[in-house]
Every structure is written in structure tokens, then in C-alpha cells.
Amino acid sequence: MEPGDAGLGTKGPPRFFCTAGRGLEPFLMREVRERLAATQVEYMSGKVFFITCSNLSMIKKLKSAERVFLLIKKQFPLTASSPSKGKILHEMRRLISDDPGSWLNAISLWKSLLETDAQKEKLSQSISNPLKRKVDENEQVISKKLKVEVQKNEEIQQAFPLVKQVEESALEQGDSNAGREHLQEKELEDEVEEAADAPSPAFTFRVSCRCSGTVAKVFTAQEVGKIIGIALMKQFGWKADLRTPDLEIFIHLNDVYSVLGIPLFRVPLASRTYIQMAGLRSTIAWAMASLAEIKAGALVLDPMCGLGTILLEAAKEWPNVYYVGTDVSDSQLLGAQGNVKAANLQDRIELLKVSVVDLPLPSECVDSIISDIPFGKKFKLGKDITSILQEMERVLRVGGTIVLLLSEDHRRCLQDCGESSVPQNSPGNHPANHEGKENTIPSETASSLGEASKQESLDKMPPFGSLVAVECYKVSLGKTDAFICKYKKSQAARCYLPEPHCVQSSLLAS
């Protein structure tokens, strides 16, 4: 999708977009295709755009998205020959005035989505006390009408300080166009009065903004929100409500694009209702589980489960599976037990206090291993990761999958260990392996080797030599980055980590 593409014009299907943590875009693209049968799936950093006919109940099932929006419009960034307040102010107002039809279409579709969702919810609750629900609805309508009247004067008072603030800021900067901008701001003042006198709408609104680049050098996000809010009040007669609005408008302005949308849900999808005590971010945990190739009847292990977030995400998505979580920390296991109980998953998840290097499991009994290798300040593993991989490799069946969240140091340690342990003349030293491709020894060559040669080769194998690196993704954890790395257990294999950007690029391009 080019930056200049519209979201909701007079014709064509509606577009949506989701925000995602940096590095999770490929997971979200794949999920909207599979879960929502989405088309025209495209991305830019932190956002995925798509078209779908799915209803809100289906969209709400997305696990790798932070928030979901109905796209109003997406266009090229605001342009100005110089970072002038007056010029950028004019450009921001044009986001509304140039194409009011797209706004009205968006509101119409937004209402339709909510009404359809409400009807389904009402149908499911029709048996339980319908009379009381009707009384509550009437009370809410009366209360909302009274609140609109009380806040009418507050909205005007909120708008006027903005005009004064913009005017004073222009004078302080000594802008050569301050006089002309002053007139524009006076016009804005008149528009506020006109908007305040407009008839009361069917709903209230507020504006949430994110700004970076040129716009952020001139206006704060709060100032942009107020400017856009005033323009909407004038154009459509809407009323602002910063606390409990019926409608929220989201705007993201930077030097690459301008995106405007309507959040479909008040609470972010990433805020899981079934997680009582948060640990690893739920979107990261789900992304890891999605790579583990979990199938019905499988045994899935998290040998350093912490608060159990990975197990919770996996058990919710793939229910007919037996999950085991282990940890040595009493406090972490106590939190995990609380999460499992709150999510009502006691029948699917078992928690044990054991060490990751001494798992009470027979060899080759686990189908998938998913784990967040600790590297934070509170829980830190250090560089002793080879012994952990050895034990994981032991309990994993041939053909099984391991998905790990690694720090840069852990990832480099595994890579260096694998490279230094490969014999000079072994097939593992082939350049293809450094591209993440599997290399196997031909069966006729293997059968001709003597017992001494076999033992020598085994002695030179890296400590986790049967694990083949398949995929690797660099993701953001907020203040630091990490790597989601996937391995498959295969005999006569070598462990080479593919570069994360190569795998990510190929998946995004698919």
C-alpha cells in the first residue's frame, strides 16, 4: 500500500490496520491471512494493513496485534516548505476538510460493526434478565445526555487556550510569517465558537495522536490532537469528551505517512483478560508458540516457564495438547499457578519445580519446546546456555521443534559454539549452512565409514549438534531487542543461525 492510498472512499471495501511490536509484523501478516482470510495485506514498520469481511468477534481473536483500527485514510506526510506553524496547521485541517466523505463512510461502517457485534451479544444474553438490562440502558442514555450538556462549556475552554498557546509560541520564535499565522489562528478561534453552537451529535469523541519528524518539531501530540478536534467539531458538529467518548480518532503523523483510523476496541488486544500476572509480553509469547508446530495430542514443554505466559498463550490457541512448565523459582511458579487457575487451564497445564538441566523426563518424549531464556536484570542466565540446550535436545524427539527467545549475547554464543565445534573437513563447514540451510551426509557415504571414524565425528559434534536452525526473527522487547529462534531436531545436522533480517524479509515478501 502506497502512502497516498485512501482508506475509506466513496467506493470500495473497507480497510483495517493493526499496530504491532517491532519485528512482529511478519507474524501478524500471516495471522490476518489465516484467521481473517484477509486480502491486500501490506505492512510498514509497526503497522499491518489489510482488507477483510470478518466481523468484530473474529477480528478480536487476533493474537499478534496490539490494537486494531478501521482505516479512515492513509496518505503522504504533511508537506511544508519550512517548519511553519501556520502552514502545518493548514495542512492538518485539510486532513478533514479535503475529504469529509471518507470520514462519514468510516463512521457509518464503524456504527454498523458495533451494531452487528451488539446484536450478537444481545442474542447470547437474551435469556438473562431482559427487563433489568432495558432499565440500565435507559439510565445510561439519560446520563450521557446530561453529561454532554455539562461538558459543553468545558470544551470551549479547552479549545481557547490552544489558540492562545499557538499564537504566543509563534511570537516567541520570531517567525516571519507570524502575522499571517495570527490571522489564521483568529479564524480558528471563530471556528471554535461556531463548532460550539452546532447541534448536539449522536456521539462524542476524542483524538489520540502520535507525532514524529517535522511535525513533532513544531507541535506536540497534545496540540495536534486539539487542532484536529476543533476541525472535526466545525466540520461535523461533534462534541469532545476526553474521559469516556463514544468514538476515538487515532492519528499518526511522521515524515513517511499520515494515518488516521478508529480503534475498534477500547482495550488493546494485547491486554489478555485471562492473564492475571503479566510476564513476557503476550504477543511475543503467542508468536513463539505459533512457530512450534503444535499439533493435537502433542507434549509441549517450557523448561523455564516463569509466570507461564508462553504456556497460557499456547494452551488457549491449541487446546487439545498436554503442556508442562518447569522452573526453579518458587515465586515464579506461584505466579504461574495463579495465572493457570485464573485462565481455567488446570486440566491442560502442569507445573513442576525442577532444574532445566535435570528434567525428569525420558529421552525423546517431547514434541515441542518453547522457552524464554532469561537475560534480564532480575533473572539472568549468563553464558551457561550450552548445558541447557543439551538437556532440551535430549528430551526432544527427532523431528521435534524448539523455539527460543534469545538475547544477542546468547545468540552469538550459540553461533560461535556451533562454528568452533565443526571439523574443518566436515560437511557442516559448507557455505550453504551459513545461510541457514540443512546439510545431510549421503547414506552411501555414511555406511562406508568405520566405527573409529564415526566416533571421531561424534566427539567433534557441537553439544547440540542435532538441532538445525530454521528461522530467526529480531523483535523488540521495549528497551532492548531479542531474537526468536526456531530449531528442528534432525540427525546428522549442524546448528547455524540464519541472519534474522533475511528470514524476515522473505516472509514479508511472500
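**Exercise 1. Find out how much of the protein is buried, and get a feel for the overall build.**

Start with burial: in this predicted model, buried residues make up 48% of the 510 residues. Next, look at the outside. The accessible surface comes to about 24700 Å², and carbon and sulfur atoms own 52% of that surface. Then count the secondary structure: there are 16 helices and 15 strands. Last, check how far along the chain the contacts reach. Taking contacts with a separation of 6 or more, 77% of them link residues 24 or more positions apart.

**Exercise 2. Work out how many disulfides the structure has, and why Cys-209 is not in one.**

Step one is the bond itself. A disulfide is a covalent bond between the sulfur atoms of two cysteines. Step two is the search: across the whole structure, 0 disulfides turn up. Step three is Cys-209. Its closest cysteine sulfur belongs to Cys-211 and lies 5.3 Å away, which is too far for a bond. Cys-209 also counts as buried, at 17% relative accessibility.

Now try Cys-472. The nearest cysteine sulfur, that of Cys-485, is 3.3 Å away, but the cut-off for a disulfide is 2.5 Å, so Cys-472 is in no disulfide either. With 0% relative accessibility, Cys-472 is buried.

**Exercise 3. Trace the sheet that holds S9 and S12, and say which strands sit at its edges.**

First, write down the order. This open sheet has 7 strands, running S11-S10-S9-S12-S13-S15-S14, with mixed pairing. Second, go to the ends of that list. Strand S11 (349-353) and strand S14 (467-476) each have a single partner strand, so one side of each has no neighbour in the sheet. Third, take the twist: ignoring direction, neighbouring strands are turned by 15° against each other on average.

Fourth, zoom in on one pair. Strand S9 (residues 299-302) and strand S12 (residues 366-372) run parallel and share 2 bridges. Val-300 has Ser-368 of S12 as its bridge partner.

**Exercise 4. Decide whether Lys-486 is buried or exposed, then do the accessibility check for Pro-374.**

Begin by placing the lysine: Lys-486 is part of strand S15 (residues 481-489). Its relative accessible area is 7%, and buried means under 20%, so Lys-486 is buried. Then list what surrounds it. Setting aside neighbours within four places in sequence, Lys-486 is in contact with residues including Glu-293, Glu-471, Leu-291 and Thr-401. Ile-402, Val-403, Val-468, Ala-469 and Val-470 are also among its contacts.

Pro-374 sits in the loop between S12 and helix H12 (386-395). Its relative accessible area is 22%, and Pro-374 is partly exposed. To finish, compare sequence with space: Pro-374 and Leu-405 are 31 residues apart in sequence, while their C-alpha atoms are 8.5 Å apart.

**Exercise 5. Lay out the 8-strand sheet, starting from the S2 end.**

The order here is S2-S3-S1-S4-S8-S7-S5-S6, again an open sheet with mixed pairing. The edges go to strand S2 (39-44) and strand S6 (239-240), each of which pairs on one side only.

Take the S2 end next. S2 and strand S3 (residues 47-51) are antiparallel and share 4 bridges. Here Tyr-43 stands opposite Val-48 in S3. Now add the helix: H1 (residues 25-36) lies across strand S1 (16-19), S2 and S3, and runs at about 165° to S2.

**Exercise 6. Explain why strand S8 can be called largely enclosed, and map its partners.**

Count first: 6 of the 6 residues in strand S8 (residues 258-263) are buried, so the rest of the structure largely encloses this strand. Then sort the side chains. In a regular strand they alternate between the two faces of the sheet. In S8, Ser-258, Leu-260 and Ile-262 point one way, whereas Val-259, Gly-261 and Pro-263 point the other way.

Now look to either side. Strand S4 (residues 67-75) runs antiparallel to S8 and is joined to it by 6 bridges, with Phe-69 standing opposite Pro-263. Strand S7 (residues 247-253) is antiparallel to S8 too, through 4 bridges, and His-252 has Val-259 as its bridge partner. Finally, find the link between S7 and S8: a hairpin of 4 residues joins them.

How values were computed:
Residues are numbered from 1 along each chain as its sequence is written. This is a predicted model: local features need pLDDT of at least 70, side-chain atom pairs count only at pLDDT 80 or more; totals for chains, interfaces and linings use all residues. Side-chain values use heavy atoms; hydrogens and water are left out. Buried means under 20% relative accessible area, exposed over 50%, partly exposed in between (1.4 Å probe, protein chains only). Contact means heavy atoms within 4.5 Å. Accessible areas come from the Shrake-Rupley method with a 1.4 Å probe; for residues, only the protein chains shown count as cover. Two strands pair if DSSP finds at least two bridges between them. Axes are lines fitted to C-alpha atoms, for helices over the stretch in contact, and angles run from 0 to 180 degrees between N-to-C directions.
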